[in-house]
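Open the model in your viewer and keep the sequence panel beside it. We'll go from stop to stop, and at each one you'll select something and see what is there.

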Amino acid sequence: MESALPWRRVPRTTVAVGAVIAVMALVLGTYVGLRSPWGAKHARAETGIAMRANPDDDLVSFRADDGETLAFRSDGIVWESGNEGGWGSPPCIRKALAKAKVEIGRVWVAGPEGRRFREVVWVKCL
């Protein structure tokens, strides 16, 4: 007696090849989705010491716990300090030459001619 279910007549190799193709499409789709230039990007969090360079501008120097250094402008950045948050200069680095323990969020940004650079997108005062 022949089975009433049509999928039982499909050769096992065809099912195996179809499953492999489906898994490959899922992996490729996930990779492309995470690397695409559209949609939200997830910032990499790093902790370290930040210090406002001088009272005349908003330039901040940051040294990560692993020794990596970078500079960023604090005037238009999203910040969090305790239960408060806002947009602009974070309260823990408003005073010139005062060091503060912070956590930053940074992303890689594509620049002209394919060069990449790090951009600080948020600061959390610790």
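Start by selecting C125: this residue is buried, with a relative accessible area of 9%. Buried here means under 20% relative accessible area, exposed means over 50%, and partly exposed is in between (1.4 Å probe, protein chains only). Now add C92 to the selection, which is partly exposed at a relative accessible area of 22%. The two cysteines form a disulfide, with their sulfur atoms 2.0 Å apart. To count as a disulfide, a pair of cysteine sulfur atoms has to be within 2.5 Å. If the term is new to you, a disulfide is a covalent bond between the sulfur atoms of two cysteines. The pair links distant parts of the chain: C92 sits in the loop between β5 and β6, C125 belongs to strand β7 (residues 116-125), and 33 residues separate them. Look along the S-S bond of C92 and C125: the angle about it is -75 degrees, and the link is left-handed. The structure holds one disulfide.

A quick word on what you're looking at. This is a predicted model, where local features need pLDDT of at least 70 and side-chain atom pairs count only at pLDDT 80 or more, while totals for chains, interfaces and linings use all residues. Residues are numbered from 1 along each chain as its sequence is written, and side-chain values use heavy atoms, with hydrogens and water left out.

Stay in that loop and pick S89, found between β5 (84-88) and β6 (99-110). Is S89 buried or exposed? S89 is buried, with a relative accessible area of 18%. Show its surroundings and, leaving out residues up to four places away in sequence, you'll find S89 touching R52, S74, D75, W79 and R94. A contact means heavy atoms within 4.5 Å.

Now zoom out and switch to cartoon view. You should find one helix and seven strands, in the order α-β-β-β-β-β-β-β from the N terminus on. Helices (H or I, at least four residues) and strands (E, at least two) are DSSP runs, numbered from the N terminus. Of the 126 residues of the chain, 22% count as buried. Among contacts between residues at least 6 apart in sequence, 43% join residues at least 24 apart.

Next, select residues 12-35, which make up helix α1. Its 24 residues reach 35 Å from the first C-alpha to the last, close to the 34 Å expected at 1.5 Å a residue. That expected span is 1.5 Å times one less than the number of residues. How many of the 24 residues of α1 are buried? The count is zero, and α1 is hardly covered.

While you're there, highlight Y31, which has its place in helix α1. Together with L28 and V32, Y31 forms a nonpolar patch on the surface, with about 320 Å² of accessible area in total. Patches take residues with over 30% relative accessible area and no salt bridge, joining like charges within 9 Å and nonpolar side chains (Val, Leu, Ile, Met, Phe, Trp, Tyr) within 5 Å. Accessible areas come from the Shrake-Rupley method with a 1.4 Å probe, and for residues only the protein chains shown count as cover.

Last comes a hunt for salt bridges, of which the whole structure has seven. A salt bridge is a side-chain nitrogen of Lys or Arg within 4 Å of a carboxyl oxygen of Asp or Glu.

- Select R106 and E46: their closest N and O atoms are 2.4 Å apart. R106 lies in strand β6 and E46 in strand β1 (residues 44-52), so the pair ties together parts that are 60 residues apart in sequence. R106 is buried at 4% relative accessibility, and E46 is buried at 6%.
- Try K101 and D65, whose side chains meet at 3.0 Å, N to O. This pair links K101 in strand β6 with D65 in the loop between β2 (59-64) and β3 (69-73), 36 residues apart. K101 is partly exposed at 35%, whereas D65 is exposed at 53%.
- Finish with E68 and R118, which meet at 2.0 Å, N to O. E68 lies in the loop between β2 and β3 and R118 in strand β7, so this pair ties together parts 50 residues apart in sequence. Now select R44, E46, E68, R106 and R118 at once: salt bridges that share partners join them into one network.
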